[in-house]
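Visitor: I am new to this structure and would like a close look at a single part of it. Please take me through one sheet, strand by strand.

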2 protein chains.
Amino acid sequence: MSQYIGIDIGGTNIKIATVAADGRVLARGLIETRPGEGAASAFRHIHAAARHLASSRGVDAVGIGCAGLIDATRGVLRSSPNLRAWQGAPLAQLARRHFSVPVMVQNDATSAAFGESFARGTRGRNLVFITLGTGVGGGIVVDGRVARGASGFGGEVGHMVVDPDGPRCRCGRRGCLEAYAGAYGIVRTARSLLARTTRATPLRRSGLSAWKVFEAARHGDPVAGEVARITGERLGLAIAVLLNTLNPSAVVIGGGVSGGFDALEPHVRRAIRRHAFPETVAAARIERSRLGNDAAVVGAAMLARAAAGPRRRGAR
Amino acid sequence: MSQYIGIDIGGTNIKIATVAADGRVLARGLIETRPGEGAASAFRHIHAAARHLASSRGVDAVGIGCAGLIDATRGVLRSSPNLRAWQGAPLAQLARRHFSVPVMVQNDATSAAFGESFARGTRGRNLVFITLGTGVGGGIVVDGRVARGASGFGGEVGHMVVDPDGPRCRCGRRGCLEAYAGAYGIVRTARSLLARTTRATPLRRSGLSAWKVFEAARHGDPVAGEVARITGERLGLAIAVLLNTLNPSAVVIGGGVSGGFDALEPHVRRAIRRHAFPETVAAARIERSRLGNDAAVVGAAMLARAAAGPRRRGAR
């Protein structure tokens, strides 16, 4: 049986999984990232962890999804806000030292997009993946292939401008989707509404967070409901633009904050119907991630499989 | 020498060209569309015109770019505002009756996008094509392949919403790019500014048109300059969104109104710099169409070549 290793490198931890050719996760491992120790050291730990997971029959290819801007052709991490010490790290080369099989490196959100695409078969061939977390990331799949564009920035749906005069985004521009739908944007919207009302609301209790907003909105709090409306409408507008330009058959919402998507969903769907063609709306399912935390490891493993060719076989 | 036929079907006329394997146009023909006579009759005229153009050595494949929504798999025109009488016409089947070679059917703007992509080689592999005319259309090329999405609507950049509360678009929604940058949108913006100023301007002379606006803006008329600013900023915002989501290496402006792009260009470029990542701005050339009126015939012919395979050879 063919077997692939998927590795998902984030600023906090590294997920490792063995994945079958049909995308099933066979085994999972997790190690701490320790960015200060350098990428070469990390790959020694990754290899040790992978040896525990992979069967003695060896693996066919290794796929790496890494946070940051990736040079996929050379397998190099060009830059990453969460892995500054790894800038320029030759990830593919480091991996090949330990795994003597083909290695593929891609951005983590792009890998996750491909994982969700793979999990949906034909319906996943044209897919937009949006990760809601502190920031908003994503990936685009066109005709079954990931779209990374001319220099690896493709799929940055979090930085679609949805209001040219909107609030400041972490990227320095104004009115990006992230400035509304990233966790920090949701908290900021809540703060600005709280400053303008004297209404009693659970949001005034200490420790405002996106989660707290979603929870209060679910319980009918009108201030939180208004935050959900503003957030959901902007997310819906961005999705409508993606529907009319790319006509995907699935828009998949994932990421750490996506557990609160149900609170946004009615507003998202209303905005989509308002701003997109009925035909592109009808073609696309808007749905939650199927793979959850496995999306990037599965996607990286399946990208490596596609790149290596299904029949190619190496020894570990 | 391999030779392909490209056919560009619009509501007014049909362009026919023979195209070499390297994209050079060898010969051109033009016939009137006469939509009332039906598609079967049109293909008799097309075949007669093509026989004048093609050498006796025959052609390798026929590509058709047609205005409207195309079912590319079956080669059928599903619907077209400018060719209502042809709804459901089996264009590929009709073409095959006359040309006994592989036939490929695609949307006209998608074909033009592929033509501009082909003409740019590597730099054209990730490309966005925007046609400025009465309406605004376009096409998207990702990794050298046209992106038509799940149901053939991909590339409809004219209906990206750039202002959710903006003016009404012909499509029924509000604030689409077309409502600003289509010829009718430009005229409407001019009218609304004229209603709010008593200033003397050449725009008050009879027969307001997008061309007149561009011409007056070039000559320094401040009212026309303000129309160009509003139009250019919205077009720049839409391009910025496309840069950050697709990271193309070229954004190509074509279409009947694109001759006025120079009047919009400073505003377009300023808006792009304001709203897009410096990296995606640096990766992309924003430029005028290279193929002009030939874009769709060249693109359709080269799409047919790609679909048929470069070595496949048939007799006419």
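Guide: What follows is a walk through one sheet of chain A, with a few words on the model as a whole. This is a predicted model, in which local features need pLDDT of at least 70 and side-chain atom pairs count only at pLDDT 80 or more, while totals for chains, interfaces and linings use all residues. Residues are numbered from 1 along each chain as its sequence is written, chains are lettered from A and ligands numbered from 1 in the order in which they are written, and side-chain values use heavy atoms, with hydrogens and water left out.

The sheet is open and has five strands, in the order S3-S2-S1-S4-S7 of chain A, with mixed pairing. At its edges stand strand S3 (25-32) and strand S7 (103-107) of chain A; each has a single partner strand, so one side of each is left without a neighbour in the sheet. On average, and with direction ignored, neighbouring strands of this sheet are turned by 15° against each other. Strands here (E, at least two residues), like helices (H or I, at least four residues), are DSSP runs numbered from the N terminus. Two strands count as paired if DSSP finds at least two bridges between them.

Begin with strand S1 (residues 3-9) of chain A, which pairs with strand S2 (residues 13-20) of chain A in the antiparallel sense over seven bridges. Within this pairing, Ile5(A) stands opposite Thr18(A) in S2(A). S1(A) is also joined to S4(A) by six bridges, and these two strands run parallel. Here Asp8(A) has Gly65(A) in S4(A) as its bridge partner. S4(A) and S7(A) run parallel as well, joined by five bridges. One residue of S4(A), Ile64(A), has Val105(A) in S7(A) as its bridge partner.

S4(A) deserves a longer stop. Six of the six residues of S4(A) are buried, so the strand is largely enclosed by the rest of the structure. Buried means under 20% relative accessible area, exposed over 50%, and partly exposed in between (1.4 Å probe, protein chains only). In a regular strand the side chains alternate between the two faces of the sheet. Both faces of S4(A) are covered, with Ala61(A), Gly63(A) and Gly65(A) buried on one side and Val62(A), Ile64(A) and Cys66(A) buried on the other.

Two helices lie across strands of this sheet. Helix H1 (residues 39-53) of chain A lies across S1, S2, S3 and strand S4 (61-66) of chain A, and runs at about 35° to S2(A). Helix H2 (residues 91-98) of chain A lies across S4 and S7 of chain A, at about 145° to S7(A). Axes are lines fitted to C-alpha atoms, for helices over the stretch in contact (heavy atoms within 4.5 Å), and angles run from 0 to 180 degrees between N-to-C directions.

Last, the confidence of the model. pLDDT is the predictor's confidence in each residue, from 0 to 100. Chain A has a mean pLDDT of 94, and 97% of its residues reach 70 or more. Over residues 312-316 of chain A, pLDDT stays under 50, and the model has 15 contacts beyond four places in sequence for them. Where pLDDT is low, the predicted coordinates should not be read in detail. The model scores ipTM 0.93 and pTM 0.94.
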